[in-house]
Each structure stands twice: as structure tokens, then as C-alpha cells.
Amino acid sequence: MCLRRQTIRKMNNKRFKTVGKVSSKILAVIMTFAIVLSLSVEPSIDSNAVGWKGNTSGWWYEESDGSYPSESWKQIDGSWYYFDSAGYMVTGWRKISGVYYYFESSGAMAADKWIGDYYVDASGAWTETAGSTGWVMRGGKWYFYNEDGSAATGWKKSGRDWYYLDADGSAHTGWLSDGGDWYYMDSDGKMSIDWIWDGSAWYLMSSEGKWISDNKIIYLTFDDGPGPYTQRLLNILDKNGVKATFFVTAAYPEYSYLIGTEYNAGHSIGVHTYTHNYQKIYSSEAAYWSDFERMESVIQAQTGSRTNMFRFPGGSSNLVSSFNSGVMTRLTTQATQKGYTYYDWNVLSGDAGDTTDSSKILENLKNGVKTHNESVILCHDIKDYTIDAVEDFIPWALANGYTFQPLSENSITAHHTVQN
């Protein structure tokens, strides 16, 4: 195992809170308090909307014939509401036909979520056994319960993450040996990838979670997409079990949905540029960060989150920005101050103008990785001849003992010397 890196960020995502056995009497007291408190909260409902009417006592729903529901349920715009004997919309905890329900301040019934320490299921009901399926914490350990109530064991995928559940059903933490490979599960049981610190040393884990005992690492990176050839590339990566990094643009808006596809497949996403217009983005620092934020918005729309990773158009050493003296020096400094990490490269595929011959690109890739323990390769997924070369390069690299990794905030950055 090899010592690496000075820092690593923990990314522990708490999955769920545990549900305790709470008596109906205790919940009734809480419910009463919640109802009293909710009377002082005016729901966020448009009083001008058709059907809804309100006064100082509360809200009700008037039907087209002038009647209104009372002591009954009503579904309005996809949400369920309950109206009391006076016809007013209820909020907070409410016992209906012997079952407890929770209604938001808007009056909509809560479903499949935690309300404080209480879980209401998909039907909106709270019962003593609600929350007994899925992730549950007991005795300080996480368990996953199947629909039939049995505890899951072995490997379990939850969202984008993998967990290993021991024979007793508890999520394994720390080092795990399975099938001749070593894995490291963090304090919440999530399988670790990239660089990890186990309390004594740094270790590099592959995108499949396996400990990498040597440093023949390749970081495939693709700029300027997504575009018309990106889906084919994604198919090639998936076929070979390889994860890559995409520094994306909005150059082909009809393919922007592929950013979400890339992200969901486990690839890393970084900002490249929205416009890729050198004269515009490097005209000033404000112009650069404005373009940057526009691309962040696209990424967030497609993936649900922002990214702290990016690559400067032309790289940090570019001279295309020399019309604005010192702009790259200022931008690289500001990037660090803003909490972003930028990446350059140490291996060129040659597809950025040197050649359109896929065999020559393949040769460049093979020769380039032989000179580095960790290779950050610059490619472009908007070039069909690049995709042809990558399709041949990946099997060659795997057969020769290389491991492919997506970039992360703890990876090599391959920074160039800033020249402007």
C-alpha cells in the first residue's frame, strides 16, 4: 500500500434517521402541541386561486356548487388534504380513523418522509412499524431491511453508492477483503473510491472500490462535449467498466441531457466553458466567472448539484489570452480563493488540431502513458476519430496493467506553468 496525499474530504451522506418505538400517547401529546402551533402559521396558498378561500380562522376549499368538504379527504393538484368538521384545512399531526397523518403548513399530506423522529410511509400513515424497511440504524449500526422484513446481507447498491452488509445485516466499516480484493468502507459503510486515509496511511482505491497496489493510473478526460459522439463513447466506457472525466460545455444544447447521463453513470463532471469564446471569456475576470456560472447552472440542472472541478479553455498555460496581460495569473489565484480545483493534462492525444488520424491518436496515447505513473489525458468527445482511438486504447491499457480513474478533488491536477 502506498502513502499519498495530504488531505482528503469526507463525503458522508447520512441516508436516513432511525425510527423508534413511540407510544401513541406520546405522539398524541406532540400532535396536540403541533396543531396548536400550526394555527399561528398561515399556509402558503394563493387565496386568489380557484376553489381556495380563507379567513382569520383558516382555509377551506369551495366547490363549484358552493359546498365545501368537511371531515373528509380531498385531492387537489396532486396533493391530499383533510378538512375538519367545520370545513377548515388541517395542518400538523392529525388522527384520522385511528391512523396518524402529518399535514405540512400548506395543508398537503406528507408521505414517505421523516417528520422529526417519526416516519410516515407512502400512504402518509404513521404506525409503530413504519420505517422498518430500507435503511434503519440500530445500536449505532446501519442495517437494510427488505420488503419482507429480512435483513439484507452482502453487497448492496443504494443510489450511486455501494455498501457491504455483514452476516448479521450490519453495514461493514473499515477494510474488507472479498474475492481476493481489498475494499475500504467508510464510517457509514459506504464503499470508498479514490484516495482514502485509514488513520495510518493513504491508499488509492479504484472506481470499483478495489485497492490499487501500483501507480499505473490513467485519467481519461474529455473536453468540449457533450456532442453527437458522446453517447457512443459512454457505451465504450460502460462496456469496459471504465470511468472518465468530462469537462463540459453548452456548445451542443440538444445534447446537454447527456451531462446527466454521464453523472449517473459514475463519471466525473467539471466545468469547461459555456461559450468557448476566448475573446469574450478572457476579456476580464468578471467575464470569465460569468461564463463559468452559466455552465454551472447547466450542470446543476442536469445533475442536481454543482461541481468544484473545472478546466480552463486552452489550459492554464494558454497564450490565447495574452491580449489581456496577466489574466491567467489572476484567474488561477481566484479559482483557489473561490474553492475550485482546476486541471490541466500531462498527455496529449493530439486531437486538438495536430491530427485527425485515429491510428496516430492511438499511438500518442500509448506512448504518452508510458512516461507517467499517473497520466491525465486530454481528449475531445466531439471528434469521431478520437472515439475510434479510445475504443482501441482502453483494452490495450487494461491488458497492460493500467487502471482508469475519474478525476476527483484529491487527484493529480497536472498543472502547467502559467504563462500569462
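Hi everyone. Before I start, one definition: when I say helix or strand, I mean a DSSP run, at least four residues for a helix and at least two for a strand, numbered from the N terminus. With that in hand, we can place Pro226, which lies in the loop between strand β18 (217-223) and helix α2. Please keep in mind throughout that this is a predicted model.

Let's stay with that loop for a moment. What is the peptide bond from Gly225 to Pro226, cis or trans? In this model the bond is cis, with omega near 0°. So if you have the structure open, that is a good spot to click on.

Next, the helices. Take α3, residues 257-264, and α5, residues 285-303: they pack at an angle of about 60°, and their axes are 8 Å apart. Angles from 65 to 115 degrees would count as roughly perpendicular, and under 35 as roughly parallel, so α3 and α5 are oblique to each other. Their crossing is right-handed. Which residues make the contact? From α3 we have Tyr257, Ile259, Gly260 and Tyr263, and from α5 we have Met295, Val298, Gln302 and Thr303. Sorted by type, the residues of this contact come out as 5 nonpolar, 3 polar and no charged.

Now look at α3 from the burial side. Leu258, Ile259, Gly260 and Glu262 are buried in this helix. For those of you who like charged residues, note that Glu262 is on that list. What do the buried residues of α3 pack against? Their partners are α2 (230-240), β19 (245-249), β20 (268-273) and α5. Just past the end of α3 comes Gly266, with a positive phi of about 95°.

On to the strands, beginning with a hairpin. Strands β16 (residues 194-197) and β17 run antiparallel and are joined by 4 bridges. Between them sit 4 residues, and in that turn Gly199 has a positive phi of about 100°. Across the pair, Trp195 stands opposite Leu204 of β17.

Is β17 covered on one face or on both? In a regular strand, side chains alternate between the two faces of the sheet. In β17, residues 202-205, Trp202 and Leu204 sit on one side, Tyr203 and Met205 sit on the other, and all of them are buried, so both faces are covered.

Another sheet to look at is an open one with 3 strands, in the order β5-β6-β9, with antiparallel pairing. The edges are β5 (92-96) and β9 (125-126); each has a single partner strand, so one side of each is left without a neighbour in the sheet. Between β5 and β6 (residues 99-103) there are 5 bridges. Within that pairing, Arg94 stands opposite Tyr101 in β6.

Last, two backbone oddities outside glycine. Glu71 has a phi near 45°, which is positive although the residue is not a glycine. Glu71 sits in the loop between β2 (58-61) and β3 (72-76). Ala414 also has a positive phi, near 55°, and belongs to the segment after β25 (403-404).

Where do these two fall on burial? The cut-offs are under 20% for buried and over 50% for exposed. Glu71, at 49% relative accessibility, therefore counts as partly exposed. Ala414 has a relative accessible area of 10%, so Ala414 is buried.

That's my tour. Thanks for listening!

Technical notes
Residues numbered from 1 in each chain as written. Predicted model: local features only at pLDDT ≥ 70, side-chain atom pairs only at ≥ 80, totals over all residues. Heavy atoms only, no water. Axes fitted to C-alpha atoms, helices over the stretch in contact; angles between N-to-C directions. Parallel < 35°, antiparallel > 145°, perpendicular 65-115°, else oblique. Left-handed = near helix turned anticlockwise from the far one by under 90°. Contact = heavy atoms within 4.5 Å. Nonpolar A, V, L, I, M, F, W, Y, C, P; charged D, E, K, R; others polar. Pairing = 2+ DSSP bridges. Buried < 20%, exposed > 50% of the residue type's maximum accessible area, 1.4 Å probe, protein only.
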